[in-house]
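These are my notes from going through the model, taken in the order in which I looked things up. I began with the cysteines, went on to the charged pairs and ended with the strands.

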Amino acid sequence: VEANKKKLIANITECAKQGAQLVVLQELHNTPYFCQVENVDNFDLAEPIPGASTVLYSGVAKQLNIVLVTSLFEKRATGLYHNTAVVFDTDGTIAGTYRKMHIPDDPAYYEKFYFTPGDLGFEPIKTSVGTLGVLVCWDQWYPEAARIMAMKGADMLIYPTAIGWESTDTQDEKNRQRDAWIISQRGHAVANGLPVISVNRVG
């Protein structure tokens with residue numbers, strides 16, 4: 001985790017040096033995507049919000065004078081966990097949070113084992129670079145979520161993401177899934193007249 005955070009900070013800093021005012025990190029970026037397995041030990045990765053990670057990323061946002069969208073494994077209480085996006089404004093304050101609403105349960109995406117569906121609704125987050133409609137990963141297959149954010153005044157839609165394909169699938173199937181994902185994001189942009197930022201995991 002600590003090595004990953006150092007790498008993230010180095011890359012965020014590089015983005016800011018190149019002029020970025022808004023930086024968006026991938027879903028659950030502090031670790032590799034751990035929902036590939038159901039393992040109770042992974043609950044040790046969860047943390048409160050505010051907590052250690054929010055202190056860290058708050059300082060990064062303030063130091064670099066950027067708006068930073070992060071994605072954390074939130075421990076709200078014992079037995080109550082969320083997949084939560086936290087947005088920091090340029091002064092380091094938490095501009096807002098969003099708890100992932102649509103929770104998948106598929107092979108290598110065992111998120112229902114870890115996360116309770118969000119309870120904050122679809123509320124855009126006001127920042128110094130605009131009003132952000134922040135959603136998370138599987139939310140991106142649902143037009144209602146994007147539409148509600150747009151109708152409530154979002155200037156752009158943002159999806160921290162960790163979606164991929166099954167490594168044993170054929171190349172044709174991988175291409176089909178990738179194309180479906182891209183089309184869905186374009187559909188949100190076209191239907192709502194808004195830019196869409198989808199930041200996926202790598203590898």
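Is C35 buried or exposed? I looked up its accessibility first, and at 0% relative accessibility C35 counts as buried. I note here that I am working with a predicted model, and I read every value below as computed from that model.

**Cysteines**

I then checked whether C35 has a partner, and I found that C35 is in no disulfide, the nearest cysteine sulfur being that of C137 at 9.5 Å. That distance does not meet the cut-off, because a disulfide requires two cysteine sulfur atoms within 2.5 Å. The count for the structure agrees with this, since it holds zero disulfides. I also looked up C15, which is partly exposed with a relative accessible area of 34%, whereas C35 is buried.

**Salt bridges**

How many salt bridges does the structure hold? I recorded eight, and I followed three of them in detail.

I started with R99 and E74, whose side chains meet in a salt bridge with an N to O distance of 2.9 Å. This pair links distant parts of the chain, with R99 in strand β4 (residues 94-99) and E74 in strand β2 (residues 67-77), 25 residues apart. I wanted to know how far each partner is shielded, and I found R99 buried at a relative accessible area of 12% and E74 buried at 5%. Both count as buried because the limit for that class is under 20% relative accessible area.

I next turned to D119 and R76, which form a salt bridge at 2.8 Å, N to O. Here, too, distant parts of the chain are linked, as D119 lies in the loop between β6 (109-110) and β7 (125-127) while R76 belongs to strand β2, 43 residues apart. On accessibility, I noted D119 as partly exposed with a relative accessible area of 43%, and R76 as partly exposed at 38% relative accessibility.

The third pair I followed is K152 with E123, where the side chains meet at 2.6 Å, N to O. K152 is in the loop between α3 (143-151) and β9 (156-160), and E123 is in the loop between β6 and β7, so that 29 residues separate these distant parts of the chain. I found K152 partly exposed with a relative accessible area of 44%, and E123 partly exposed at 43%.

Which residues are joined into one network by salt bridges that share partners? I wrote down E74, R76, R99 and D119.

**Strands β2, β3 and β4**

Why do I describe strand β3 as largely enclosed by the rest of the structure? I do so because eight of the nine residues of β3 (residues 80-88) are buried.

I then went through the pairing of β3 on the β2 side, where the two strands run in the antiparallel sense over nine bridges. One residue pair I looked up there is F73, whose bridge partner in β3 is N83. The hairpin of β2 and β3 has two residues between the strands, and I noted that G79 takes a positive phi near 85 degrees in it.

On the β4 side, I found that β3 and β4 run antiparallel and are joined by five bridges, with A85 standing opposite Y98 in β4. The hairpin of β3 and β4 has five residues between the strands, and in this hairpin G92 takes a positive phi near 90 degrees.

Terms used: Residues are numbered from 1 along each chain as its sequence is written. This is a predicted model: local features need pLDDT of at least 70, side-chain atom pairs count only at pLDDT 80 or more; totals for chains, interfaces and linings use all residues. Side-chain values use heavy atoms; hydrogens and water are left out. Buried means under 20% relative accessible area, exposed over 50%, partly exposed in between (1.4 Å probe, protein chains only). A salt bridge is a side-chain nitrogen of Lys or Arg within 4 Å of a carboxyl oxygen of Asp or Glu. Helices (H or I, at least four residues) and strands (E, at least two) are DSSP runs, numbered from the N terminus. Two strands pair if DSSP finds at least two bridges between them.
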